[in-house]
Amino acid sequence: MKNQYRLAITAVMVATLAGCSGGAEQRRQANQDFNYLNTKPLQSWNVPAEAQRSQVDDYLIPVQTFPGALGREVDIRPPQQVLTLIPGTRVVNDSQGVTLVLARQADQAKLWRMTQNVLTERNVPLLSQSESRIETDWVSWEQSDEDVVVSSRYRIEKSEVNNQPTYRIILTDWREGTTEVPVSASNKERYSILMTNLMMARYDLQERELARQRAQELVKQIPISMGKDRSGLPVIIARAPYNVFWERLPGLLTQLGFTVEGRNRSQGIVEVEFRAPDDEFWSELGTMPIQLNNRAYRLQLGDLGNRTSINVTNTDGKPVTEAALESLAPVFAAVVERDNNS
């Protein structure tokens, strides 16, 4: 059994509150230098015999030992944050690890199956596995803000607390390079959250793919025609909810000579580049060509409840002509119909 396995975590690190960039030195910077470590210890003030000692204690520094890191051992990286990508999830952090309190039993079951699949797919070695607990062997992380390759072992558990399903990740052992050392509280927190976010990101990706597949099934019955928006201006109307049509739209656009350059779901914006197909394409589709020039455009989608509006502007925000919109509506409808029959 291999003792090390490297996880691909770049996407997770971009999405989380990751540490400063620029190498391992960026995690232990001081203001200019570390010369403050050479400061001489404070000494008691010797009061001359003929002087009277002041009784004011406003500036008295308490004599006490304050535990904590000094100098290059101080980690200035921002803390990690758990990605709460499962609706209704509550996060509980403690000194041992991360606990997700889930809203539904079904979410726990899906997350547990997905965890098992991820560990299997990535050939993560396991020390033990049961119905409710998984103990991994060393999982290696190559991070630009670490001096060496660090490795960690995890215990992953599912249970029920106060009739609520939970999912828990605990970092149990720590290794720097090839040397096993005690894990610091900050590293235990950081890398417990990192593993949690890896699983959460995969869960979210899985759910998005299922939503896309459901949308493809629902969109087969979407009528598309011309209509008017709330202000009376001409728009294309797709008779499907916004979330359904949003998932299907990129596939429709690709078939019509559009290249999707960017999307913003919350704003309903799709940035595209149009290159008109040849005459043979339009003959096979059975429609007239789209009356758009070869250039960049912006599609603006609107949520109308059980319908979705589509408007098209150029990159300067100027709407295309009504004739161009009217040429686009039957083409959308024809592509949907062709997909239904394929």
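# Exercises on a predicted model

Ile76 is a good place to start: with a relative accessible area of 37%, Ile76 is partly exposed. The model you're looking at is a predicted one, so keep that in mind as you work through the exercises.

## Exercise 1: A nonpolar patch

Find Ile76 in the chain and work out which residues make a nonpolar surface patch with Ile76.

*Solution.* Begin with the location: Ile76 sits in the loop that runs between helix H1 (10-15) and S1. Next, check the accessibility. A patch residue needs over 30% relative accessible area, and Ile76 has 37%. Now gather the partners: Tyr36, Leu37, Leu70 and Val74 join Ile76 in a nonpolar surface patch of about 440 Å².

## Exercise 2: A charged patch

Which residues form the negative surface patch, and where in the chain is Asp278?

*Solution.* Pick out the acidic residues: the negative patch consists of Asp278, Asp279, Glu280 and Glu284. Then place Asp278, which belongs to the loop between strand S12 (269-274) and helix H5 (279-285).

## Exercise 3: Aromatic pairs

How many aromatic pairs are there, and what is the geometry of Trp141 with Tyr191?

*Solution.* Start with the count, which is five aromatic pairs. For Trp141 and Tyr191, the ring centres are 6.1 Å apart and the planes make an angle of 55°, giving a tilted pair. Now trace where the two partners come from: Trp141 belongs to strand S5 (residues 139-141) and Tyr191 to helix H3 (residues 185-218), so this pair links distant parts of the chain, 50 residues apart. Both Trp141 and Tyr191 are buried.

Try Phe281 and Trp282 next. Here the centres are 4.9 Å apart, the planes meet at 80°, and the pair is edge-to-face. To settle whether these two are buried, use the cut-off of under 20% relative accessible area. Phe281 counts as buried because its relative accessibility is 15%. Trp282 is buried too, at 5%.

To finish, look for a group: Trp141 and Tyr191 form one aromatic cluster together with Trp174.

## Exercise 4: Salt bridges

Count the salt bridges, then explain what the one between Asp94 and Arg168 ties together.

*Solution.* The count is 13 salt bridges. In the one between Asp94 and Arg168, the closest N and O atoms are 3.2 Å apart. Asp94 lies in the loop between strand S1 (90-93) and strand S2 (97-101), while Arg168 is in strand S7 (residues 164-176), so the bridge ties together parts that are 74 residues apart in sequence. The two ends also have their own accessibility labels: Asp94 is partly exposed at 39%, whereas Arg168 is buried at 16%.

Now compare a bridge inside a helix. Asp204 pairs with Arg208, with 3.0 Å between the closest N and O atoms. Asp204 and Arg208 are four residues apart in helix H3, so about one helical turn separates them.

Last, see which bridges share partners: Arg133, Glu135, Arg155 and Glu157 are joined into one network. One of its links is Glu135 with Arg133, at 3.9 Å between the closest N and O atoms. Glu135 is partly exposed, at 26%, and so is Arg133, at 36%.

## Exercise 5: A contact across the sequence

How far apart are Asp145 and Arg77 in sequence and in space, and is Asp145 buried or exposed?

*Solution.* In sequence, Asp145 and Arg77 are 68 residues apart; in space, their C-alpha atoms are 9.0 Å apart. Asp145 itself is found in the loop between S5 and strand S6 (150-161). With a relative accessible area of 7%, Asp145 is buried.

## Exercise 6: Positive phi

What is the phi value of Asn123, and what is that of Asn163?

*Solution.* First, the background: most residues other than glycine have a negative phi. Asn123 has a positive value, near 55°. Asn123 is in the loop between helix H2 (105-121) and strand S3 (126-129), and at 56% relative accessibility Asn123 is exposed.

Then turn to Asn163, which isn't a glycine and yet has a positive phi of about 65°. The loop between S6 and S7 holds Asn163, and Asn163 counts as exposed at 69% relative accessibility.

How values were computed:
Residues are numbered from 1 along each chain as its sequence is written. This is a predicted model: local features need pLDDT of at least 70, side-chain atom pairs count only at pLDDT 80 or more; totals for chains, interfaces and linings use all residues. Side-chain values use heavy atoms; hydrogens and water are left out. Patches are made of residues with over 30% relative accessible area and no salt bridge: like charges are joined within 9 Å, nonpolar side chains (Val, Leu, Ile, Met, Phe, Trp, Tyr) within 5 Å. Accessible areas come from the Shrake-Rupley method with a 1.4 Å probe; for residues, only the protein chains shown count as cover. A salt bridge is a side-chain nitrogen of Lys or Arg within 4 Å of a carboxyl oxygen of Asp or Glu. Lys and Arg count as positive and Asp and Glu as negative; His and the chain ends are not counted. The place of a charge is taken as NZ of Lys, CZ of Arg, CG of Asp or CD of Glu. Helices (H or I, at least four residues) and strands (E, at least two) are DSSP runs, numbered from the N terminus. Rings of Phe, Tyr and Trp (its six-membered ring) pair if their centres lie within 6.5 Å; planes under 30 degrees apart count as stacked, over 60 as edge-to-face and the rest as tilted. Buried means under 20% relative accessible area, exposed over 50%, partly exposed in between (1.4 Å probe, protein chains only).
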